[in-house]
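Welcome! Take a moment to look over the sequence and the 3D view before reading on.

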Amino acid sequence: MSSKSSLLKVILLGDGGVGKSSLMNRYVTNKFDSHLFHTIGVEFLNKDLEVDGRTVTLQIWDTAGQERFRSLRTPFYRGSDCCLLTFSVDDGQSFRNLANWKKEFVYYADVKDPDTFPFVVLGNKVDVSERQVSREEALQWCRDNGDYAYYETSAKDATNVSAAFEEAVRRVLATEDRAEHLIPTDTVNLHRKPRTGAPCC
Amino acid sequence: MAATTPPKVIFEHEGVFIHSNTEELEDQDSLISGYLRIVDKDGETVVEYKPLEDTVDPSNMLCACKDSSSVVEWTQRPHRTVDQQLSYETEWDMVNAVSFKRKAHTNGEGGSNHLNERNKGAFSFNVADLRSVTVKCEGWSYLIFCLKDDTTLPAIHFHQGGSQAFLDGLRKSVQLTESPDDENILLVGAYSKAFSQSFENLLDDTNYGLVQKFKKDPYTTTLGGFSKVTNYFFDAFRPSESECQQRPVEEMADILGELIPGLEINQQEEPGFEVITRVDLGTRPEVQRREPVMMEDWAKHQDSEGRVSNVPHLKHLIFKGGLCHAVRKDAWKFLLDYYPWDSTHEERKNLQKRKTDEYFRMKLQWKSVSEEQEKRNSRLRDYKSLIEKDVNRTDRTNKFYEGLDNPGLILLHDILMTYCMYDFDLGYVQGMSDLLSPILYVMENEVDAFWCFVSFMDQMHENFEEQMQGMKTQLIQLSTLLRLLDLAFWNYLEAQDSGYLYFCFRWLLIRFKRELHFQDVLRLWEVMWTGLPCHNFHLLVCCAILDSEKQKIMDRHYGFNEILKHINELSMKLDIEEILIKSEAIYMQIKNCKDLPNSVSDILGLNAVTNDSTLETSEYGVLESPQSSPRPAHRQDQAYSNGHGLLQEASHNRCKVAFIS
Ligand SMILES: Nc1nc2c(ncn2[C@@H]2O[C@H](COP(=O)(O)OP(=O)(O)O)[C@@H](O)[C@H]2O)c(=O)[nH]1
Ligand SMILES: [Mg+2]
């Protein structure tokens, strides 16, 4: 695999307070810090992982959610391989805002084909008992928007966090494979397999 | 065409050359020696190249040439479109009429009218028509201009140096951005003024349309048009090479450069064209900091009725050493202009009474909003929900705000809510809780903290406004300072698409609140609030931190992402005293510099000749002179302070909070 394609950029989007930074930290450092500051500006962390026998470096970008800072976060959307749309199951508004986040992402990331772009939806804080968003509602939304993978996570107790990020990687790799098969020079290989030859730019 | 105002020569360099037949016959390379100028003509900026009248002196050249009269004509690339545009001709005549004495020549079929028909090899163009500049180096530098109509002008070779100065001159009028596809190509944006406009539009992104205009238009079109240019260059010069067109992984860097272009260059706020070339800054002087101002020092500066005397001197002491914690609660109220320095105890008591009433009147306003009302007030609801979320994520490791239902948290919340009533247009913006937290911690009193916060917000307001004008201005100013202080580093950042200094965003938005340990934030802020030694001292603080990091950044060849990460991760690793020493030293270095560019002295307010600043400067000088040793009383102060040190510790941990509600 080429060094280029082994670095995958994913971006966490969602309302402030849904737990984006906590999810990133849980995944990368396996810690939950209840004293975490709210995010100002843009941050990212790298993590190496192996999915289906392929080693990739995941670069996870985390931004501040307030409307005011939109112009300072949107430039970072470009080049994302996957977008993790995040809401909190105890906050109905954050769920209803997913559509806006998706729209903003598609617009600023300049996604060529929004229908095939890999989105993964995360319903965070499942450890909280007072839910405002049911699993069914969330799944319905994912179906309506294009069969997005849906994970109910908890950054606090680590539920499904790795699974969600790994799914993101799988989705990206799957899209890339599809794209590769469109290159005429590529020999017909309809089965998804770990790539060996570096796809030339 | 008669000129209405004489053209102003912004840049002039003699000793540039056009080569002919570069690729075919290297040994028969011919050179035309000439001038390159940037001329401001009635607000239009024109670049012109004029050959010296057939006076190529081969002895000046670094490469072989034959008789200049034989092969001086620039031959056109066969596939270039010949797109006659009269405006250029007019442009040329206009400039020509007033600037150069030159014999008329007749040149055969020029093809492009950017080339002067009457003078071999001469050309001129309006910078507004420039699309890109290719910068190449072959022992010397040469530049190739490509215009928006796809005309590529002959390469201008700087055999006698000066290409950087020329580009600097060009940057006064246009935006030059390194191409995402080829580091040798500088893409030209609009006039900086127009760009600055675009940046504002960008920030006002409630309007997608404007963003779209900016984002789609220049980027896509530039890139589209640009690929034509690249192809052309490759055809012409490097036919064997083909360029990898895949966008780099770190492409957001390029995009950012495109999106925040106003920040990318050393923009001049003033209309003049000032070329900042290398200014000799001299050596950085040694700076010593002092001990913090103790209770006794503070008390000594008040007369019997409570008026603070010799304020400039006191401010200098605070600037040089900060305040001992016990003094802060009182002194910050003056530093933040809540209390006038010349007020008496009595007056301050009355002021506080009035301000207390005023505060609670505003607090009552949001406190008395019923649930029903709140349902119909989405803005208040949004502010409230943001504040609730952020208060829970502000300085939670600090004793004052630790744990559940800590009174500190409630006060933080209430003051921010009341501030929304005080300034409903601004309301609450993320970052404001960070600015309030240290103030509340020091004041331990809701009303005093509120009014001190109001004062601090007066200074910081622009950072949080819809347009974020304050952020934009500061990033541009910082870029200007950095460029003066360290051109090499500045160039490095530019080359990494980080020239707009995005990575300093958090530093500037909340004045290093997240970068330093809590106690060090208190120190830095009180030093800054003295207003000494110059305007925008916090920008020199940025420069000082960057100065300490630049070697690492350059040695490790950090790119856009790594720079951002590196700077983010400096948080809580910085030494405040070291930074303050360096910042002050940089200030002295700049102040002592003789030919300081105006843009820099404006930023730092070094031109201001008010009585106040004269006094401050002179006194500052006295304090700074190496001979001046700490005053004899100083040691005593320290002894005195130790007692207070304990008190200070105690008050830190006790969460003593004045509840007035
Ligand atoms: N109970 C619970 N709280 C969480 C979880 N994830 C985050 N939080 C809390 O929710 C708040 C917001 O989290 P943060 O990561 O800052 O959200 P962000 O604004 O989306 O980055 C913080 O107080 C976190 O401690 C979770 O999975 N469960
Ligand atoms: Mg966050």
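The sections below walk through chain A, the two ligand sites and some details of the backbone.

## Getting to know chain A

Please keep in mind from the start that this is a predicted model. A good place to begin is chain A, which has 201 residues, 54% of them counting as buried. Its secondary structure is made up of six helices and six strands. If you follow the sequence from start to end, you meet them in the pattern β-α-β-β-α-β-α-α-β-α-β-α.

How do distant parts of the sequence come together? Taking the contacts in chain A between residues at least 6 apart in sequence, 70% join residues at least 24 apart. The accessible surface of chain A is about 8,700 Å², and carbon and sulfur atoms account for 49% of that surface.

## The surroundings of ligand 1

Now let us turn to ligand 1. It is surrounded by 17 residues, and the closest are Gly17(A), Lys20(A), Ser22(A), Asp127(A) and Arg393(B). Because residues from both chain A and chain B surround ligand 1, the site is shared between chains. Helix α1 of chain A, residues 20-29, supplies the largest share of this shell, with three residues. By character, the shell divides into four nonpolar, seven polar and six charged residues.

Several polar atoms of chain A can be picked out beside oxygen atoms of ligand 1. For Gly19(A), a backbone N or O atom lies 2.9 Å from such an oxygen. In the case of Ser154(A), a polar side-chain atom lies 3.4 Å from an oxygen atom of the ligand. Ala155(A) has a backbone N or O atom 2.8 Å from an oxygen of ligand 1. On its own, ligand 1 has 570 Å² of accessible area, and the protein covers 88% of it.

## The magnesium ion

Ligand 2 is a magnesium ion. Which protein atoms are its donors? They are OG of Ser21(A) and OG1 of Thr39(A), lying 2.0 to 2.1 Å from the ion. Ser21(A) lies in helix α1 of chain A, while Thr39(A) is in the loop between α1 and β2 (42-51), so the pair ties together parts that are 18 residues apart in sequence. Both of these residues are buried.

## An enclosed helix in chain B

Moving over to chain B, have a look at helix α8, residues 325-335. Eight of its 11 residues are buried, so this helix is largely enclosed by the rest of the structure. The buried ones are His325(B), Val327(B), Arg328(B), Ala331(B), Trp332(B), Lys333(B), Phe334(B) and Leu335(B). After α8(B) comes Asp337(B), which has a positive phi near 65°.

## Backbone details worth a look

Two further residues have a positive phi without being glycine. One is Asp110(A), with a phi of about 60°. Asp110(A) sits in the loop between α4 (98-109) and β5 (119-124) of chain A, and its relative accessible area of 24% makes it partly exposed. The other is Glu444(B), whose phi is about 50°. Its place is the loop between α13 (432-443) and α14 (446-464) of chain B. Is Glu444(B) buried or exposed? Glu444(B) counts as buried, at 8% relative accessibility.

To finish, find the peptide bond from Leu532(B) to Pro533(B), which is cis, with omega near -5°. Pro533(B) belongs to the loop between α18 (518-529) and α19 (537-555) of chain B.

How values were computed:
Residues numbered from 1 in each chain as written. Chains lettered and ligands numbered in written order. Predicted model: local features only at pLDDT ≥ 70, side-chain atom pairs only at ≥ 80, totals over all residues. Heavy atoms only, no water. Near = heavy atom within 4 Å. Polar contact = N/O pair within 3.5 Å; in protein donor to acceptor, adjacent residues only side chain to side chain. Areas by Shrake-Rupley, 256 points an atom, 1.4 Å probe, with all protein chains shown as cover. Helix = DSSP H or I, 4+ residues; strand = E, 2+ residues; numbered from the N terminus. Nonpolar A, V, L, I, M, F, W, Y, C, P; charged D, E, K, R; others polar. Buried < 20%, exposed > 50% of the residue type's maximum accessible area, 1.4 Å probe, protein only. Donors = N, O, S within 2.8 Å, 3.2 Å for Na, K, Ca; no water. Contact = heavy atoms within 4.5 Å.
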